[in-house]
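Biologist: Thanks for sitting down with me. Could you walk me through this model, a few questions at a time?

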Amino acid sequence: MEAPPQRPRRTSAGGVTRLALVVGALGIVFGDIGTSPIYALQTIFNPADPHPVPVSTENVFGVISVVFWSLMIIVTIFYVAFAMRADNDGEGGIMALITLIRRHSDGRGRRAGIILAALGIFGAALFLGDSMITPAISVLSAVEGVKTVNPDLETIIIPVTAVIIVLLFAFQRKGTAVIGRWFGPIMIVWFCTLAVLGIGGISRNPEILKALSPTYAIDFMFGHFDIAFFAMAAVILTFTGAEALYADMGHFGRKPISRAWIFMVFPALLLNYMGQGALILEDTGNVAGSFFLLAPEWSRIPLLLLAGTATVIASQAVISGAFSVASQASELGYLPRLRIAHTSEHQYGQIYVPWINWLLMVSVLVLVFAFRTSEALAFAYGMAVIGTITIVTLLFLYIAHVRWKTPTWVLIVGGGLLLVINLTFLAASTTKIIHGAWLPLLIGVIAFIVMITWQRGREVVSAERERREGPLREFVDKLRRGEPKCAQVPGTGVFLGRGKDTAPLALRAALELNHARYAHIVVLSVETQPVPWVPDAERIVVDDLGHDNDAVLHVTARFGYAETPDVPRALRLVRADQSEGRRLRLDKATYFLSTIQLRAGTERTMATWRKHLFIATSHITSDAAEHFQLPRDRTIIVGSHIEV
């Protein structure tokens, strides 16, 4: 038999150079945070804001200083230096933190772990909301740049934005590896352009370099708190995309992302923000369109095209992150089983989730047509970002305490400072709730309700299914005694079940209705481990169920939550000495699946509306035969009904 292919090691690029990974990371990960200079400062000083920040020398220095130190503390220190070290076998993001918490919460810390895991699910829901808003505001803000070239072109902004968004999501099926190869070089040009434009602006007023001193940020925050507090809600826009660095870590790894941030992205962003600050100091009228006004007039059309391309790439960062979050949530039981395509032979974290892709596309288009301008969307933008970052900070501090045994005083001092900063930003964002910040909260609450309802519904269905299935060993004992009486047919029957404690409904139905059994019966259950990948040496566990000569086996196939379960390939790992001396005949094996039709019952398991939500959500479950890579022509589906 041909040896099964081995998964490439996650520590290796599989022949892809480190430089290529950095370039790919630039194309996928940093688009969101890298395009913030287009709209961030003009939003902070927007005169139409309900709480406008007056354009004055003091305020410009203060804002630029706050921007610099926010990027330094939240992104460079917290995410790059610390949070990205809290990985789950290379996978990052809030779902990875939830997995670590579930793994390390026991005894007295179990209750705290449950609460934090629930909070983490809400954070993941907020991130999905952010994934809808980011493409809308990013592409809109770039296309709006046509107004600096010709104000009469304003009428084409919405149609052009919609076309770009549709093309972006249509291209997702190519995978992040292909997208990164295209987008990476473009983003290198983009960040170099940011730096050059910024240096040009700084040269007009080098005094802006003083804003690097924390004294300007401190003076702005404490000396002008009535202004600074409201400004912080817009300062959040400068580090949107920070969570994408962490969520996308499974696509490229921690080191390529860290190197790209430290050596290219952060310096380019800093130079550009300071260049815009210098331009505003030169003439306060430059606030509107300060980014495009950094460029000479002859270069604004090429810059507009480059910015448009960069904002498309910006959307990619959160789209890839949303794929990762949804995939991990599905494997951990918070979402239905989704169809997931792995798009790279080298980086198994690179995935495409069709259902999430099209849901995001429709949602983004609705936001574009509803809000119509990037300024209107900006009010809604920051809440989801800072909400997710605050929750990630709490979860990270817990992991640092229980997993790394970090001294309590370090957590109190360092973690306390981070939480004070995050909570201040969060409080400032609440001032925008009535102006649009309600939107990400609403999206987050809806996604959170769907996820916890699915988790609860699964528990109810699993309990009822277990009752109906009955003990597997008892069923096998009866089969050995000839109960029920049945004829034996040649071949192998593989019955997928939920574990080795209960008999699959399909197995009971096949024997009771057909009065026939296969010569070799395999009861197979698939387990999702709280790690992204499981090596082949640990893939299967074989149990003869107490009898070594009845040709009935139980096989447990283990897969990581980032893998696509391939059941036939896993069964090929079963050796003859593990299957009562007979090798499984898998070339003609028949596979049996049990499918459940759900109905809303009268039992008080959940509120009636949650029951209907659970049933509705079950309709997006991916096809089980396709999910487990079963051969269509040899797969039989047996149905039954369960009330929830």
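Biologist: Happy to start with a loop residue. Is K405 buried or exposed?

Modeller: This is a predicted model, and K405 sits in the loop between α18 and α19 (408–430). K405 is not a glycine, yet its phi is positive, about 55 degrees. Its relative accessibility is 62%, and the cut-off for exposed is over 50%, so K405 counts as exposed.

Biologist: What is the relative accessible area of R372, and is that residue buried or partly exposed?

Modeller: R372 belongs to the loop between α17 (354–371) and α18. Its phi is near 70 degrees, a positive value in a residue other than glycine. Buried would need a value under 20% and exposed one over 50%; R372 has 45%, so the residue is partly exposed.

Biologist: How confident is the predictor, and what is the mean pLDDT of the chain?

Modeller: By element, strand β1 (residues 341–342) has the lowest mean pLDDT, 68, and helix α4 (residues 57–82) has the highest, 96. Over the whole chain, 92% of residues reach 70 or more, and the mean pLDDT is 84.

Biologist: Over which residues is the pLDDT below 50?

Modeller: The stretch in question has 27 contacts in the model beyond near neighbours in sequence. Where pLDDT is low, the predicted coordinates should not be read in detail. The stretch with pLDDT below 50 is residues 1–16.

Biologist: Let's turn to helix packing. Are α6 and α18 roughly parallel or roughly antiparallel to each other?

Modeller: Helix α6 (residues 110–143) and helix α18 (residues 374–402) have axes 8 Å apart. They pack at an angle of about 150 degrees, and angles over 145 count as roughly antiparallel. Therefore α6 and α18 are roughly antiparallel to each other.

Biologist: How many nonpolar residues are in the contact of α6 with α18?

Modeller: The crossing of α6 and α18 is left-handed. In their contact, eight residues are polar and one is charged, while the nonpolar ones number 20.

Biologist: Which word describes α18 and α20, oblique or roughly antiparallel?

Modeller: The axes of α18 and α20 come within 6 Å. They cross at roughly 45 degrees, and roughly parallel would require under 35 while roughly perpendicular starts at 65. So α18 and α20 are oblique to each other.

Biologist: How many nonpolar residues does the contact of α18 with α20 hold?

Modeller: On the α18 side the residues are A380, M383 and A384, and they meet L439, P440 and L441 in α20. The contact has no polar and no charged residues, and the nonpolar count is six.

Biologist: Are α20 and α24 roughly parallel or roughly perpendicular to each other?

Modeller: The axes of α20 and helix α24 (residues 608–618) come within 9 Å. Their crossing angle is roughly 90 degrees, inside the 65 to 115 window. That is why α20 and α24 are described as roughly perpendicular.

Biologist: How many charged residues are in the contact of α20 with α24?

Modeller: Among the α20 residues that meet α24 are W454, R456 and R458, and the α24 side includes W609, R610 and F614. The contact divides into eight nonpolar and four polar residues, and the charged ones number three.

Biologist: With which residues is R458 in contact, leaving aside neighbours within four places in sequence?

Modeller: R458 lies in helix α20 (residues 438–469), and at 40% relative accessibility it counts as partly exposed. Its C-alpha is separated by 25 Å from that of R539, 81 residues apart along the chain. The contacts of R458 are G333 and F614.

Biologist: How far apart in space are A557 and V541, C-alpha to C-alpha?

Modeller: A557 lies in strand β6 (residues 552–560), and at 0% relative accessibility this alanine counts as buried. Beyond four places in sequence, A557 touches S525, V526, E527, R539, I540 and A570. V541 is 16 residues away in sequence, and the separation in space is 6.8 Å.

Biologist: One last residue: is M232 buried or exposed?

Modeller: M232 is found in helix α11 (residues 225–235). Not counting residues up to four places away in sequence, it touches M221, T424, F425 and A428. Its relative accessibility is 5%, and the cut-off for buried is under 20%, so M232 counts as buried.

How values were computed
Residues are numbered from 1 along each chain as its sequence is written. This is a predicted model: local features need pLDDT of at least 70, side-chain atom pairs count only at pLDDT 80 or more; totals for chains, interfaces and linings use all residues. Side-chain values use heavy atoms; hydrogens and water are left out. Axes are lines fitted to C-alpha atoms, for helices over the stretch in contact, and angles run from 0 to 180 degrees between N-to-C directions. Helices (H or I, at least four residues) and strands (E, at least two) are DSSP runs, numbered from the N terminus. A crossing is left-handed if the near helix is turned anticlockwise from the far one by less than a right angle, and right-handed if clockwise. Ala, Val, Leu, Ile, Met, Phe, Trp, Tyr, Cys and Pro count as nonpolar, Asp, Glu, Lys and Arg as charged, and the others, Gly among them, as polar. pLDDT is the predictor's confidence in each residue, from 0 to 100. Contact means heavy atoms within 4.5 Å. Buried means under 20% relative accessible area, exposed over 50%, partly exposed in between (1.4 Å probe, protein chains only).
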